[in-house]
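Work through the exercises below with the model open beside you. Try each task before you read its solution.

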Amino acid sequence: SSLSAARLEGKVAIITGANTGIGKETARDLARRGARVIVACRDIAKAEAAASEIRAETGNQQVTVRKLDLADTKSIREFAGKFLAEEKELHILINNAGVMLCPYSKTADGFEMHLGVNHLGHFLLTFLLLERLKQSAPSRIVNVSSLAHHAGRIRFHDLHGEKRYNRGLAYCHSKLANVLFTRELARRLQGTKVTANALHPGSVQSELVRHSFLMMRLWKIFSFFLKTPWEGAQTSIYCAVAEELESVTGQYFSDCQPAYVSPWGRDDETAKKLWSVSCELLGIQWD
């Protein structure tokens, strides 16, 4: 966490969904450590406001906003193309953005929204940026998952929830996908000095619950027990900067320490199958 004194001068970091909540706090911390931070967001106006606040507060002018809509593979490819043209290095990729409890909807490419944004969008983004991460190694990929992964299953027979849909479970399924992606990615990256870890940020008061009136009521009642976005960001920051994690990979963290992963999150066969199905859906070959 911020307990680490690691400095990041000369390092380049991308954080998706860094205009509010945990992502914004993570961006602020990395900027304070001297990193060049790319805030990758769908809502440019919000992102610019967050970035200028962070620049003013940290004195780090290298906080830039780039448009990224994870619900549209065209936007993901445009973002990556632009980034690779502009930046020669990438040391930290934090796949932080997420949707939660959306009414049933599909992405531009016809994916169920939770799986499409939280898993497939980040899967494609990581694929497109991986060469740059390898060239810049040692580097890190940090996937923000959730404790909710425990309730998730990968329903290969109904990935896009067309037969049955529950927005709470759809979120859980996508967070399990994050854990499985991290596991298989780490296995494939062995020996490259690129690490991949996942984490549960803590139950945070964030805008993610805005879709649900009931959740917002519960949030208010339980907010006493909830973490602030600053507290919620500590495990993301820990995974991104802590020196002792230099060669730690394929792990899942909560409160800045290794945490229990559901049996489904440890199933290598499911992880491999999800990988190949994801490649098929995205029309990519990732070997």
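**Exercise 1: Two residues in a loop**

Aspartate 255 sits in the loop between β7 (252-254) and β8 (257-258). The model is a predicted one.

Task: Find the phi of aspartate 255 and of cysteine 256. Then decide whether each residue is buried, partly exposed or exposed.

Solution:
- Step 1. Aspartate 255 has a phi near 50°, which is positive although the residue is not glycine.
- Step 2. Cysteine 256 is also placed in the loop between β7 and β8. Its phi is near 60°, again a positive value in a residue other than glycine.
- Step 3. Set this against the general rule: most residues other than glycine have a negative phi.
- Step 4. Now use the cut-offs: under 20% is buried, over 50% is exposed, and partly exposed lies in between.
- Step 5. Aspartate 255 has a relative accessible area of 46%, so it is partly exposed. Cysteine 256 has 21%, so it too counts as partly exposed.

**Exercise 2: An uncommon peptide bond**

Task: What kind of peptide bond joins alanine 137 and proline 138?

Solution:
- Step 1. Read omega for this bond: about 5°.
- Step 2. The bond is therefore cis. Most peptide bonds are trans.
- Step 3. Locate proline 138: it lies in the loop between α4 and β5.

**Exercise 3: Checking a helix**

Task: Test the span of helix α8 (residues 268-282), then describe its ends and its buried side.

Solution:
- Step 1. Helix α8 has 15 residues. The expected span is 1.5 Å times one less than that number, so α8 should span 21 Å.
- Step 2. The end C-alpha atoms of α8 are 21 Å apart, which agrees.
- Step 3. At the N-terminal end, aspartate 267 acts as a cap. One of its side-chain oxygens is 2.9 Å from the backbone nitrogen of glutamate 269.
- Step 4. Just past α8 comes glycine 283, with a positive phi of about 65°.
- Step 5. The buried residues of α8 include Leu274, Trp275 and Val277. The buried residues pack against α3 (73-86), α4 and α5.

**Exercise 4: The largest cavity**

Task: How many cavities of 30 Å³ or more are found, and which element gives the most to the lining of the largest cavity?

Solution:
- Step 1. The search of the whole structure gives 3 such cavities. The largest holds about 50 Å³ of space.
- Step 2. Among the residues that line the largest cavity are Asn95, His122, Val144 and Phe181.
- Step 3. Helix α5 gives the most to this lining, with 3 residues.
- Step 4. Sort the lining by class: 3 nonpolar, 6 polar and 1 charged residues.

Key: Residues numbered from 1 in each chain as written. Predicted model: local features only at pLDDT ≥ 70, side-chain atom pairs only at ≥ 80, totals over all residues. Heavy atoms only, no water. 1 Å grid on protein atoms, 1.4 Å probe; cavity = no way out; pocket = protein on both sides within 12 Å on 5 of 7 lines; lining within 4 Å. Points joined across faces, edges and corners; volume = space filled by probe spheres on them. Helix = DSSP H or I, 4+ residues; strand = E, 2+ residues; numbered from the N terminus. Nonpolar A, V, L, I, M, F, W, Y, C, P; charged D, E, K, R; others polar. Buried < 20%, exposed > 50% of the residue type's maximum accessible area, 1.4 Å probe, protein only. Contact = heavy atoms within 4.5 Å. Polar contact = N/O pair within 3.5 Å; in protein donor to acceptor, adjacent residues only side chain to side chain.
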